[in-house]
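Grab a pencil and have the structure open while you work through these exercises. Each one sets a task and then walks you through a solution.

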Amino acid sequence: MRKWTMMLVCCVMALYVQAEKRITLSSPNEKLSTTITVGEQLTYDITCDGRQILNASPISMTLDNGQVWGVNARLSKTTRKSVNQTIPSPFYRFSEMQDCYNEVTLRFKGNYTVEFRAYNDGIAYRFMNQEKKPFCIVNEEVDYRFPFDAVASVPYVRDFNEQNPQAQFGNSFENIYETNQLSKLDKRRYMFLPVVVDAGQGTKVCITESDLENYPGLYLSSFKGENNLSGIFAPYPKETKQGGHNNLQMQVTERENYIAKVEGKRNFPWRIAIVTTSDKDLAASNLSYLLAAPSRIDDISWIKPGKVAWEWWNDWNLRGVDFKTGVNNDTYKAYIDFAAENNIEYVILDEGWAVNLKADLMQVVKEIDLKELISYGKQRNVGIILWAGYYAFERDMENICRHYSEMGVKGFKVDFMDRDDQQMTNFNYRAAEMCAKYKLLLDLHGTSKPAGLNRTYPNVLNFEGVNGLEQVKWSPVTHDQVQYDVMIPFIRQVAGPMDYTQGAMHNASKGNYYPCYSEPMSQGTRCRQLALYMVLDSPLNMLCDSPSNYIEEQECTEFIAKVPTTWDETRILNAEMGKYIVTARRKGDAWYIGAITNWEHRELTVDLSFLSEGNYQIEQFADGINADRKGTDYRKETKSLPNDRKIKLVMQPGGGYAAKIQKL
């Protein structure tokens with residue numbers, strides 16, 4: 001009897017193995033590969049140079065009709081293709097990018113498809129719906145099952161309420177990184193993307209997503225334990241109420257039992273695991289941009305990136321003027337004059353120009369004459385950008401865009417969305433489309449990572465979703481912005497540009513920082529602030545400090561003002577996450593170098609042998625010998641580039657280095 005039982009078990013297992021299908025997909029350079037298993041559960045894994053870095057991880061979608069895509073999946077068709085093309089990437093870190101990958105598309109019975117792509121620096125997949133009838137998605141299973149207790153660097157949602165975990169879905173996507181083993185992460189708290197896992201032997205895995213259109217953003221949690229990071233999504237809002245910051249937000253009071261509505265055929269967001277064996281390659285990854293939907297704007301000639309003289313961070317402070325500074329025309333004319341004198345393209349009117357607590361952008365405070373300011377700026381070749389609270393913009397979007405576009409406003413900075421459920425990601429695309437219709441730039445503040453929107457709508461030049469320099473206006477002395485700065489190029493910036501708002505002229509060395517709302521300072525040295533204009537991606541880039549401070553520091557101001565905000569080429573020359581980064585960027589025939597370090601004194605030799613033949617002049621700003629005690633200490637030098645094309649960088653603790661290299 002036992003013999004027959006064993007034979008029966010063997011037969012059943014053989015049938016199961018025969019029913020299970022395995023599809024392998026490798027990157028063009030064959031260093032990365034994934035094995036997709038189709039059977040009782042749809043799974044995929046990742047190997048890098050033959051080493052397992054992600055175990056078989058299940059993926060699925062549960063529909064409200066009871067169907068579960070990816071469970072007992074029945075494969076009906078498999079197609080493969082390889083792509084090697086060049087795509088335009090205006091207003092970003094390259095003028096064009098190479099898009100090279102291998103792809104397998106799996107068509108399943110039940111009217112859905114799963115598409116996998118293997119790039120040299122990552123594996124990505126997405127679900128695709130072929131059904132024309134509407135339905136709802138109850139949940140999407142996203143799992144990252146690592147083969148060992150790896151170390152992860154994660155940004156938790158800042159506000160945590162143990163009694164109401166769903167409250168975590170309302171957040172500003174601004175937080176520092178915590179680094180710990182997967183087993184020691186807080187299982188109660190959600191993490192927003194991107195997240196980086198150290199897979200050992202120099203290999204990093206950055207988890208993010210792209211093409212996040214009309215679908216909730218992905219959060220991760222370690223609640224399952226066992227070296228897992230598991231996906232969580234904000235359920236669809238059922239009821240909202242006006243409230244929050246100055247009545248400019250719509251806060252969710254009740255949510256549905258599903259995460260997304262689907263109206264018909266569509267593609268869902270890409271789930272991306274960026275895999276690199278060096279930190280500099282991680283900081284150089286472009287997968288978020290490459291996997292986004294192509295541009296939907298035919299004519300982009302009107303889109304003008306640039307720098308912005310900004311008043312909020314410096315609290316509208318000016319010295320030596322004969323008027324009371326604040327939200328009034330005299331103050332903004334002074335900012336416009338400063339911008340014009342330094343060839344800065346824009347001035348922003350941040351919060352305060354519209355009547356407070358009304359959530360009505362048609363009600364302008366009596367101290368502001370917008371038509372006069374716009375005319376004054378136009379005469380001086382300076383455009384005006386307006387800040388807008390989310391609800392005030394959303395409730396009357398087309399009328400607002402039409403009205404202010406006709407008046408001559410160049411764009412909007414929309415703030416306080418503070419969610420990324422389906423309603424809000426849908427808003428981001430609708431706002432981008434509406435602004436494009438009226439030839440308006442858009443800066444999405446108070447929002448999550450870009451997730452490819454800047455490719456689909458290139459008029460969206462910048463995004464927040466970063467714990468930027470504004471935090472030092474109020475953060476305690478224990479806040480470590482310097483350490484955060486050497487993390488974000490490898491994590492948040494991998495997802496796209498960010499509104500970090502650098503440029504402080506009051507620079508505090510270690511131990512000298514304190515929070516000051518009205519006269520804020522940065523942590524680290526002056527050269528660090530200069531370097532951040534090259535290290536960070538920011539096509540619409542703020543000068544955060546007061547014109548009075550910039551006028552007194554004209555040597556630094558001239559350098560900042562001339563640094564481009566978009567680039568023809570970007571190279572990460574040397575980097576180690578959490579320690580330092582050296583970035584080189586080219587615009588035309590000029591190269592700019594930016595380097596920053598953590599709180600360690602650092603000396604580096606940088607090889608610039610990639611420069612074309614010829615003689616070069618280098619204009620450089622380096623930390624002064626006493627910058628570790630007085631953050632404003634620096635030295636400027638102009639000299640010939642050495643024949644061996646190597647330069648030595650000496651950075652003080654919290655320091656930086658900035659340079660322009662021009663061919664003679």
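## Exercise 1: Around a core phenylalanine

Bear in mind that this is a predicted model. Leaving out neighbours up to four places away in sequence, Phe412 contacts Ile385, Leu386, Ala388, Phe393, Ile400, Tyr404, Leu440, Leu441, Leu442 and Asp443. Your task: find out which residues touch the most other members of the largest nonpolar core.

Solution. Start with the core itself, which has 137 residues. Next, look for its best-connected members: Trp353, Phe393 and Phe412 touch the most others. Phe393 is also one of the contacts of Phe412. Then check what feeds the core: helix α8 (residues 422-437) gives the largest share, 8 residues. Finally, look elsewhere, and you'll find another core lying apart, with 57 residues including Leu54, Val154, Leu193 and Val275. As background, nonpolar side chains in soluble globular proteins tend to be buried together.

## Exercise 2: A charged pair between strands

Work out which parts of the chain the salt bridge between Glu115 and Arg126 ties together.

Solution. First, confirm the pair: the closest N and O atoms of Glu115 and Arg126 are 3.2 Å apart, and the cut-off for a salt bridge is 4 Å. Second, place the partners: Glu115 sits in strand β8 (residues 112-119) and Arg126 in strand β9 (residues 122-129), so the bridge ties together parts 11 residues apart in sequence. Third, ask whether they are buried or exposed, using under 20% relative accessible area as buried. Glu115 comes in at 6%, so it is buried, and Arg126 at 10% is buried too.

## Exercise 3: Two longer links

Track down how many residues separate Asp279 and Lys204 in sequence, then do the same for Asp485 and Arg528.

Solution. Take Asp279 and Lys204, whose side chains form a salt bridge at 2.9 Å, N to O. Asp279 belongs to helix α2 (residues 279-283) and Lys204 to strand β15 (residues 203-210), a separation of 75 residues. Both Asp279 and Lys204 are buried.

Now for Asp485 and Arg528, which meet in a salt bridge at 3.1 Å, N to O. Asp485 is in helix α10 (residues 481-485) and Arg528 in helix α11 (residues 526-535), so this pair ties together parts 43 residues apart. Asp485 is buried at 2% relative accessibility, and Arg528 is buried at 0%.

To finish, zoom out. Salt bridges with shared partners join Lys81, Glu103, Glu115, Arg117, Arg126 and Asp211 into one network, and the whole structure holds 36 salt bridges.

## Exercise 4: A phenylalanine in a loop

Is Phe148 buried, exposed or partly exposed?

Solution. Begin with the location: Phe148 is in the loop between β10 (135-145) and β11 (151-154). At 32% relative accessible area, Phe148 is partly exposed. Then list its contacts beyond four places in sequence: Arg51, Leu182, Asp198, Ala199, Gly200 and Asn227. Last, compare sequence and space: Phe148 and Ile53 are 95 residues apart along the chain, with 8.7 Å between their C-alpha atoms.

## Exercise 5: A helix pair

Describe how α11 packs with helix α13 (residues 554-562).

Solution. Read off the geometry: the angle is about 10° and the axes are 10 Å apart. That angle makes α11 roughly parallel to α13. The crossing is left-handed. Now pick out the contact residues: α11 supplies Arg526, Leu530, Tyr533 and Met534, while α13 supplies Cys556, Phe559 and Ile560.

Notes. Residues are numbered from 1 along each chain as its sequence is written. This is a predicted model: local features need pLDDT of at least 70, side-chain atom pairs count only at pLDDT 80 or more; totals for chains, interfaces and linings use all residues. Side-chain values use heavy atoms; hydrogens and water are left out. Helices (H or I, at least four residues) and strands (E, at least two) are DSSP runs, numbered from the N terminus. Buried means under 20% relative accessible area, exposed over 50%, partly exposed in between (1.4 Å probe, protein chains only). A nonpolar core is a set of buried Ala, Val, Leu, Ile, Met, Phe, Trp, Tyr and Cys residues joined through side-chain atoms within 4.5 Å. Contact means heavy atoms within 4.5 Å. Axes are lines fitted to C-alpha atoms, for helices over the stretch in contact, and angles run from 0 to 180 degrees between N-to-C directions. Angles under 35 degrees count as roughly parallel, over 145 as roughly antiparallel, 65 to 115 as roughly perpendicular and the rest as oblique. A crossing is left-handed if the near helix is turned anticlockwise from the far one by less than a right angle, and right-handed if clockwise.
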